[in-house]
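User: Could you take me through the sheets here, strand by strand, with the turns and loops around them? I'd also like to see how that part sits in the whole.

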There are 2 protein chains.
Amino acid sequence: MRHGVSELINKLDIDKISGLLEIPGYRIAGAIQRKTLQYVRGMPEFFRFDKPMSTVEGGTSIFIEPFDIIRGFPKIPRTLILYPALKRHFTSCGSVIVEEKMNGYNARVALVGGSIVGLTRGGFVCPYTTEKANELIGRDFFLEHPDLVLCGEMAGPDNPYVPKSFYDIESLEFYLFDIREKISGKPLPVMERKALADNFGIRSVRFFGEYNVDEAHHRVTRIIKEFGDSLHEGVVIKDPQMRLPPVKYTSTQSNCADLRYAFEFYNDLGRDFFFPRVCREAFQSVEWGENEEDRRKRCQRLGESILLPMINTINRKKQGERISETVQIRVRKLETARKFEEHLHILGMDAVFEEPEKIGDEYLVRIKKIYMSTNDKTESTLRGELWS
Amino acid sequence: MRHGVSELINKLDIDKISGLLEIPGYRIAGAIQRKTLQYVRGMPEFFRFDKPMSTVEGGTSIFIEPFDIIRGFPKIPRTLILYPALKRHFTSCGSVIVEEKMNGYNARVALVGGSIVGLTRGGFVCPYTTEKANELIGRDFFLEHPDLVLCGEMAGPDNPYVPKSFYDIESLEFYLFDIREKISGKPLPVMERKALADNFGIRSVRFFGEYNVDEAHHRVTRIIKEFGDSLHEGVVIKDPQMRLPPVKYTSTQSNCADLRYAFEFYNDLGRDFFFPRVCREAFQSVEWGENEEDRRKRCQRLGESILLPMINTINRKKQGERISETVQIRVRKLETARKFEEHLHILGMDAVFEEPEKIGDEYLVRIKKIYMSTNDKTESTLRGELWS
């Protein structure tokens with residue numbers, strides 16, 4: 001059964017939402033019509049903003065019964081050079097705090113109608129994230145702070161969204177980087193957030209330190225260079241009071257790891273991944289005043305990150321393989337895996353779930369994601385079809 | 001004075017055009033309305049198809065007074081691998097002819113209302129191409145063959161469209177690769193075309209040979225490999241009878257030269273240039289069964305073609321330079337330079353013409369093309385603005 005637009009609008013108290021989000025009511029109704037505010041059936045039933053709308057972030061979710069709103073996680077602006085960008089952006093702060101940017105998927109955890117729910121960046125209730133949040137975080141924090149949202153990175157090998165993991169994590173861990181108010185999205189100051197998390201035994205992302213704004217670019221450069229060849233994604237630089245938006249900055253290793261991943265599935269992911277990352281590489285090389293040898297190595301690394309995975313994919317296809325990516329989840333309840341399959345289906349992903357494997361009191365479920373476009377294009381090109 | 005749609009439609013005998021191009025009249029009128037069939041004021045006055053429409057190529061021009069039609073030059077499909085693509089595409093031919101694909105700009109030359117006109121790929125009458133066509137080709141051919149169009153590559157240093165030239169040409173030369181009928185676009189068989197051109201002293205692109213279809217992929221591989229580090233763009237492989245569309249194939253040197261060019265102006269050109277070329281590199285590496293060392297070199301070459309020009313651009317901007325490209329034209333009449341300036345303006349290009357320099361009986365005019373997007377993005381990033 002499909003829902004008509006007016007039926008969907010009737011599910012919401014438009015006036016109330018209009019007041020809370022500071023958006024005129026007619027625009028909310030219009031967003032439902034255009035599916036910018038998308039209805040998602042299920043338990044719980046909710047709406048999600050597919051895109052930002054005036055000051056409301058994309059990924060903001062509105063729950064129907066009981067009514068609740070969880071603001072989306074704001075996009076963090078990125079800098080391609082550290083100086084003068086940090087000085088310029090944080091001009092009103094005396095100091096900045098530098099934390100690690102981890103390589104996992106962005107998750108928000110909150111209490112909705114008495115239950116803990118795990119939301120993805122897009123504002124979907126994810127059954128897997130929900131099970132993991134219940135297990136990893138528990139209820140204690142929320143019983144005292146029902147109006148706060150824990151924002152963090154889910155990282156580890158049992159990560160079905162961003163599979164390349166390079167941390168020493170057994171299954172999946174939650175690393176907190178923000179605590180925000182449910183409805184306003186307002187964040188707590190960094191040290192207050194850390195203290196609160198420590199109180200409840202909630203793990204935070206790595207804290208590198210608080211630095212004078214004038215020397216922050218030197219400190220960050222050193223941190224990034226010390227990452228060396230170990231795969232750390234990068235850092236997030238924050239106003240300690242969290243009044244200004246944070247800024248992110250990533251390492252060349254991370255840029256290249258992303259490219260290696262994207263070009264394995266080049267016709268699905270390559271195009272979008274490429275351009276921003278190559279810009280980061282160029283500006284970093286200039287800012288670091290690299291000599292010819294460093295530059296040569298950077299070019300080699302970039303070229304290899306792009307071509308080698310593509311060549312590998314073409315060779316695999318030549319040998320008749322299907323181009324897919326295997327990710328995995330680890331669940332206590334098989335029901336969660338079944339719900340997660342539905343969830344990926346809603347997201348429009350082509351995924352094949354393998355038979356669950358019992359490990360201890362959990363089930364490991366391997367999932368094959370099929371990249372259709374890369375499969376088709378590679379196959380037809382090898383068959384001798386022309387590119388027009 | 002702007003022209004209304006009905007006024008524009010009145011300039012054309014829609015029924016006649018509909019019959020000649022085999023497109024229903026209402027679709028022609030619709031195309032004028034949507035500006036797919038765009039009116040271009042000037043001497044001569046004409047319409048051009050901005051995009052293909054059913055079987056009519058984009059770049060097809062319709063002249064008003066006297067009435068004439070010159071079909072656009074068809075897009076040549078490309079192959080990323082030679083085997084089995086050539087065998088598959090040319091299955092109905094016993095042999096194929098291989099000619100050089102040159103690095104210049106595609107020009108069509110024809111007689112319209114008693115005058116020789118030079119058209120660009122887009123179907124614009126280009127005043128510069130027109131002057132050069134008059135000078136390089138002359139009228140003899142057209143007096144005997146008023147219904148034929150000479151299609152070829154304008155190459156050399158005085159090329160304002162595609163500036164990187166690597167041939168031993170003093171100013172600009174025309175290299176014929178096709179002769180086609182004006183209205184139908186039907187091409188002459190290759191050897192017939194060559195003989196006709198030779199008769200009139202018209203230079204043709206390099207002819208590599210006619211090969212059995214079954215061994216064509218070996219022959220082309222050898223030709224491409226023998227190009228070595230010398231900058232040849234690639235080859236076009238043709239059905240000798242020209243009943244099947246030709247196929248193009250390019251060298252890694254050419255792919256990388258294009259990338260070096262595009263990434264100098266990365267924010268204007270980089271994104272679109274990148275993806276197709278990197279696909280060509282990957283498939284060629286697989287088809288040639290490269291060893292690790294060859295592959296390493298290819299990656300290095302690719303990485304350097306992308307990053308080094310960008311780094312160079314950022315450094316130039318850091319030193320306060322404006323990011324631009326200098327091209328040049330050489331004309332007998334200053335009037336042609338003035339008209340060419342108008343022509344670039346119609347194309348929406350940001351170009352600054354320098355003072356003409358008299359060389360012999362000609363004028364050399366340098367033209368600075370400004371790449372605004374690359375200038376702005378590089379400047380703002382260096383100033384410390386964030387990328388959102």
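Analyst: Here comes the model itself, then the sheets one by one, and finally the place where the chains meet.

This is a predicted model, where local features need pLDDT of at least 70 and side-chain atom pairs count only at pLDDT 80 or more, while totals for chains, interfaces and linings use all residues. Residues are numbered from 1 along each chain as its sequence is written, and chains are lettered from A and ligands numbered from 1 in the order in which they are written. Chain A has a mean pLDDT of 92 (the predictor's confidence in each residue, from 0 to 100), with 99% of its residues at 70 or more. For the complex, the predictor gives an ipTM of 0.83 and a pTM of 0.85.

To get your bearings, chain A splits into domain 1 (5-65), domain 2 (85-250), domain 3 (252-318) and domain 4 (324-370); the bounds come from an automatic or database domain assignment. Domain 3 and domain 4 of chain A have their C-alpha centres 30 Å apart.

Now the strands. Strands here are DSSP runs of E with at least two residues, helices are runs of H or I with at least four, and both are numbered from the N terminus. Two strands count as paired if DSSP finds at least two bridges between them.

Let's begin with an open, antiparallel sheet in chain A whose four strands come in the order 1-2-3-4. Its edges are strand 1 (37-40) and strand 4 (68-70) of chain A; each has a single partner strand, so one side of each has no neighbour in the sheet. On average, and ignoring direction, neighbouring strands are turned by 20° against each other (axes are lines fitted to C-alpha atoms, for helices over the stretch in contact, and angles run from 0 to 180 degrees between N-to-C directions).

Zoom in on strand 1 and strand 2 (residues 46-49) of chain A: four bridges pair them, antiparallel. One pair to look up is V40(A) with its bridge partner F46(A) in strand 2. The loop between these two strands of chain A holds P44(A), and the peptide bond from M43(A) to P44(A) is cis, with omega near -5°. Why point that out? Because most peptide bonds are trans, and most residues other than glycine have a negative phi.

Chain B has a cis bond to show you too, from Y83(B) to P84(B), with omega about 5°. P84(B) sits in the loop between strand 4 (68-70) and helix 4 (85-89) of chain B.

Staying in chain B, there is an open sheet of four strands in the order 10-5-11-12, again with antiparallel pairing. Strand 10 (207-212) and strand 12 (247-250) of chain B are the edge strands, each pairing on one side only. Neighbours in this sheet are turned by 25° against each other on average, direction ignored. Inside it, strand 5 (residues 95-101) and strand 11 (residues 234-238) of chain B run antiparallel and share five bridges; K101(B), for one, is partnered by G234(B).

Back in chain A, the loop between strand 11 (234-238) and strand 12 (247-250) contains M242(A). Although M242(A) is not a glycine, its phi is positive, near 60°.

Strand 16 (residues 362-370) of chain A is worth following too. With strand 13 (residues 324-331) of chain A it pairs antiparallel over eight bridges, V327(A) having I367(A) as its bridge partner. Strand 14 (residues 351-353) of chain A joins strand 16 through three antiparallel bridges, with A351(A) partnered by K369(A). Strand 15 (residues 357-359) of chain A also runs antiparallel to strand 16, with three bridges, and I359(A) has E362(A) as its bridge partner. Strand 15 and strand 16 form a hairpin with two residues between them, where G360(A) takes a positive phi near 60°.

Finally, the meeting of the chains. Their contact takes 43 residues from chain A and 43 residues from chain B (contact means C-beta atoms, placed from the backbone, within 7 Å). Helix 11 of chain A gives the most to its side, with 15 residues. Chain A can be laid on chain B by a turn of 180° and a shift of 0.0 Å along the axis, with an RMSD of 0.0 Å (a least-squares fit on C-alpha atoms of residues with pLDDT of at least 70 in both). That is the relation of a two-fold axis. And 100% of chain A's interface residues are interface residues in chain B too, so the copies meet through the same surface.

Terms used:
Two residues are in contact if their C-beta atoms, placed from the backbone, lie within 7 Å.
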